[in-house]
Amino acid sequence: MTVLFAANDGGHLAQLWALAPRLGPASQGRVWFTGETEQSRDLLKEERVIWARRAPSRNLTDALQNFRSLGEVWNQYSFTAAVSTGSSIAVSALTQAAARRTRAVYIESATRVDGPSLSGRLLAAVPGVELYTQSGAWTSRRWSYVGSVFDGFRALPALSTPRPSLRVFVSLGTSSKYTFRRLLDRLVQIVPAEWTVECQVGSTDCQGIPFACYPHLPYSEMRRQVNSADIVVAHAGTGIALAAIEAGRCPVLVPREGQEHVDDHQRQLAQDLKSRELVLVSDVDSLSLATLMEAQQRRIEKTGEHPLRVRVW
């Protein structure tokens with residue numbers, strides 16, 4: 001039995017990677033279909049991978065190309081199921097599966113707290129696709145609650161006194177389309193000059209920023225940066241939020257706004273994780289050194305694996 005795991009690179013892939021062990025035994029066969037980046041190559045270096053065409057949200061041309069690419073290799077692997085957490089690659093992979101009468105499982109991104117994404121709405125119109133939400137706030141006859149990738153964590157009591165903080169890791173994600181210069185400019189204003197700050201900036205211009213900035217980092221290096229940081233500051237992306245929480249950090253999430261992303265799903269995710277007491281949330285203008293120091297005093301604990309309410313094996 002071989003299952004296709006398909007998702008856009010970045011936060012969608014990070015979620016699917018974290019959820020995969022909860023969907024069935026890892027000893028079973030699996031093949032990944034995702035965009036090729038430094039992070040995805042590093043994360044999946046021990047896995048079987050079909051590299052997809054990188055497909056930004058709402059790009060029909062790339063989605064159609066990925067649909068065709070999958071069709072060419074489908075019979076080679078004889079997939080028994082396909083599962084995805086989004087976004088456009090989910091549409092390509094799961095419509096292919098449904099057309100071939102193969103089990104198709106869509107798990108909506110944890111960022112979607114109030115309702116489905118465009119990909120989710122499109123897949124809801126495809127007969128045969130199983131639809132699951134990670135948010136208990138919205139379910140229906142068509143959408144079933146499956147649990148969340150953020151289940152199984154809890155906040156520990158804050159330290160009574162802060163430790164001297166010297167290292168900050170900042171992540172603006174890996175988007176090639178959306179930038180977030182405002183957050184870098186604000187951090188320049190509030191972070192003490194003697195602190196070490198390293199940033200993963202994606203396509204954001206960092207000219208004139210006095211921090212170490214990298215467009216992209218391999219997955220293992222990004223995890224190393226998170227693990228060694230006293231404070232993690234990030235856009236409210238699922239991948240970096242999950243990495244920080246898994247490392248026991250309480251990240252400061254600063255949601256993108258307006259033209260900095262496709263919609264307000266980052267604010268939805270940030271508020272949901274804040275209600276779980278797993279993160280601190282700020283907008284750019286109100287971000288302060290006091291907020292950073294509060295995050296440095298907090299820690300997160302993993303309480304155990306929470307199986308999902310669906311299996312693919």
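In what order do the six strands of the open sheet run, and is the pairing parallel or antiparallel? Keep in mind that this is a predicted model. The order is β11-β10-β9-β12-β13-β14, and the pairing is parallel. As a bit of background, strands of a sheet pair through backbone hydrogen bonds, in either the parallel or the antiparallel sense.

**The sheet**

If you're tracing the sheet on screen, start from its edges: β11 (212-214) sits at one and β14 (280-281) at the other, and each pairs on one side only. Further in, β12 (residues 231-234) and β13 (residues 252-253) are joined in the parallel sense over two bridges. To find that pairing, look for Val233, which stands opposite Val252 in β13.

**Helices on the sheet**

Helix α8 (residues 238-246) packs on the sheet and touches β9, β12 and β13. Its direction makes about 170 degrees with that of β12. Then there's helix α7 (residues 219-228), which lies across β9 (167-171), β10 (196-200) and β12. Helix α7 runs at about 140 degrees to β9.

**Salt bridges**

How many salt bridges does the structure hold? The count is 13, and the table shows some of them.

| Acidic residue | Basic residue | N to O distance |
|---|---|---|
| Glu36 | Arg41 | 3.9 Å |
| Glu246 | Arg223 | 3.2 Å |
| Glu294 | Arg298 | 2.6 Å |

The bridge between Glu246 and Arg223 takes us back to the two helices. Glu246 lies in helix α8 and Arg223 in helix α7, so this pair ties together parts that are 23 residues apart in sequence. Is each partner buried or partly exposed? Glu246 is partly exposed, with a relative accessible area of 35%. Arg223 comes in at 18% relative accessibility, and it counts as buried because the cut-off for that is under 20%.

In the Glu36 and Arg41 bridge, Glu36 has 39% relative accessibility and counts as partly exposed. Arg41 is also at 39%, so it counts as partly exposed too.

As for the bridge between Arg298 and Glu294, Arg298 is partly exposed, with a relative accessible area of 25%. Glu294 is partly exposed as well, at 33%. Elsewhere on the list, Asp151, Asp272 and Arg276 are joined into one network by salt bridges that share partners.

Technical notes:
Residues numbered from 1 in each chain as written. Predicted model: local features only at pLDDT ≥ 70, side-chain atom pairs only at ≥ 80, totals over all residues. Heavy atoms only, no water. Pairing = 2+ DSSP bridges. Helix = DSSP H or I, 4+ residues; strand = E, 2+ residues; numbered from the N terminus. Contact = heavy atoms within 4.5 Å. Axes fitted to C-alpha atoms, helices over the stretch in contact; angles between N-to-C directions. Salt bridge = Lys/Arg side-chain N within 4 Å of Asp/Glu carboxyl O. Buried < 20%, exposed > 50% of the residue type's maximum accessible area, 1.4 Å probe, protein only.
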